Amino acid sequence: AEAGGPRDTAPGQQLRALFYALPPGESSFRTVEEVPDYVDKSIPFFITFIGLEFAVSWIQKRKLPGRINDGISSLSLGILSRLPDVLFRSIDLISYIYVWNNYRVFELPWDSPSTWYLTLLGVDFAYYCFHRISHEVNILWAAHQVHHSSEDYNFFTALRQSVLQKYTSWMFNLPMALFIPPSVFAVHLQFNLLYQFWIHTEVITKLGPLEWILNTPSHHRVHHGRNPYCIDKNYGGTLIIWDRIFGTFEAEGAKVVYGLTHPVNSFDPIMLQLRPLAHIWNTFWATPGFCNKLSVIFKGPGWGPGKPRLGLPEEIPVITGKEVPFNPPVPAYLNCYALVHFAIIVDLYTELLASISMLSQGTVLLRIGFIILSLASFGLLMENKSKAGILEIIRCLVFIGVYKLGYFRSQFSFLGYAYEV
């Protein structure tokens, strides 16, 4: 890389970054500009691990770990959550750098292993605090619940992220900006996120003594459960020690049933992002009394007038073990159609990331708009909604027009004609 530009990472380093296994000597940088984009460079490994999970699940249980409709929905939400970063620098880094430049108290050395390990603990503790509050404050839960909305639990679920969550999480990291260099923070912010990918799986059972210290698939399965014993437990990101210290730890027991206590029942990524906010809006106006209205926003999602801050545990729906995930009947050819066209959108998205610096702002906005339109259309198709076909025809006509005008292009030139067909 040119001086001052992002460093390139070898495939082996990128793989180890997924497991937080890059030591300080390989992941310490003087400036933020030198820090690699570990998250976007991990996309090939995400795909590889998803394939491995499918293979292992088939060998272990003779069944696949998920469904096409839920998997596409999760990936759509993942892409949607990353689109703002195409246009703007991460608000986590912008706010952090601002505090560092203007208010830092002292400066720890960027190349010290002690600084590296202190930042690991700091970022993970900040994540625990934010994650816990996101479950206990209704307006924050409205954003975070997107990640919990899947009724499957697999690597796809790890990519199921909120667009809005990042606009509230940034403030929890700011105390570190008083003394930890931004370049060190930028590394651990990504590592903490990447680590949480591989723990979203059922094919890994228990990890022995590591269960005492690390967040593991077993611990995180509990966090994603809607069983009463799973609610508001195991908030850790990389480490489980915070849950053990603050009394929010719960070991995996009865078979976990995944998803929200009151399922959203949709594969539309736009609906999944916005419906909880609409629910808060309607509840706010329907609730009498100014203080009660504020409580709708700032108390727990289970709160109601006369109830404790986090609601009543006995109101959590009982799990029978016979719960059936939302799975509307869709012809097999329609699932295949959605899968093929979603692959095209993934190609266009990754090509956008690769060529962003060479594109005009108008072209970038056009591509982002088309990606959002496509993801919404796929969601409606997989729900077999009556108006989905009309929206899909419009989407395909738009695609042909902008592709012919040269505003879209594939990473693979030989697919150009196939895309038009």
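In this predicted model, residues 364-382 form a span that is 100% helix and 0% strand. The end C-alpha atoms of this span lie 27 Å apart. A second span, residues 388-407, is 85% helix and 0% strand. Its end C-alpha atoms lie 25 Å apart. Both spans carry the UniProt annotation "transmembrane region", taken from an unreviewed entry.

The unreviewed UniProt entry also places the annotation "domain: Fatty acid hydroxylase" on residues 117-248. Over residues 117-248, helix accounts for 52% of the chain and strand for 0%. The C-alpha atoms at the two ends of this stretch are 24 Å apart.

The largest nonpolar core holds 44 residues. Within this core, L18, Y38, M176, F191, L194 and F197 touch the most other members. Two or more residues each come from α2 (38-41), α3 (43-61), α5 (91-103), α6 (113-136), α8 (155-158) and α10 (182-198). The top contributor is α10, which gives nine residues. Contacts of M176 were examined with residues up to four places away in sequence left out. On that basis, M176 touches Y96, G122, V123, A126 and F185. Another core lies apart from the largest one and has 31 residues. Its members include V86, V330, I368 and F378.

The second largest pocket contains about 1200 Å³ of space. Its lining is made up of 47 residues. Closest to the pocket centre are W141, T261, H262, P301 and G302. Several helices contribute to this lining. At least two lining residues each are supplied by α6, α7 (138-148), α13 (269-286) and α14 (290-298). By class, the lining of the second largest pocket comprises 19 nonpolar, 19 polar and nine charged residues.

A further site of interest is N227. This residue sits in the loop between α11 (217-223) and α12 (241-246). N227 has a relative accessible area of 5%. N227 therefore counts as buried, the cut-off being under 20%. Contacts of N227 reach other parts of the chain: with residues up to four places away in sequence not counted, N227 touches K255, V256, V257 and I319.

Technical notes. Residues numbered from 1 in each chain as written. Predicted model: local features only at pLDDT ≥ 70, side-chain atom pairs only at ≥ 80, totals over all residues. Heavy atoms only, no water. Core = buried A, V, L, I, M, F, W, Y, C linked by side-chain atoms within 4.5 Å. Buried < 20%, exposed > 50% of the residue type's maximum accessible area, 1.4 Å probe, protein only. Helix = DSSP H or I, 4+ residues; strand = E, 2+ residues; numbered from the N terminus. Contact = heavy atoms within 4.5 Å. UniProt positions renumbered as here; feature names shortened; annotations may be inferred. 1 Å grid on protein atoms, 1.4 Å probe; cavity = no way out; pocket = protein on both sides within 12 Å on 5 of 7 lines; lining within 4 Å. Points joined across faces, edges and corners; volume = space filled by probe spheres on them. Nonpolar A, V, L, I, M, F, W, Y, C, P; charged D, E, K, R; others polar.
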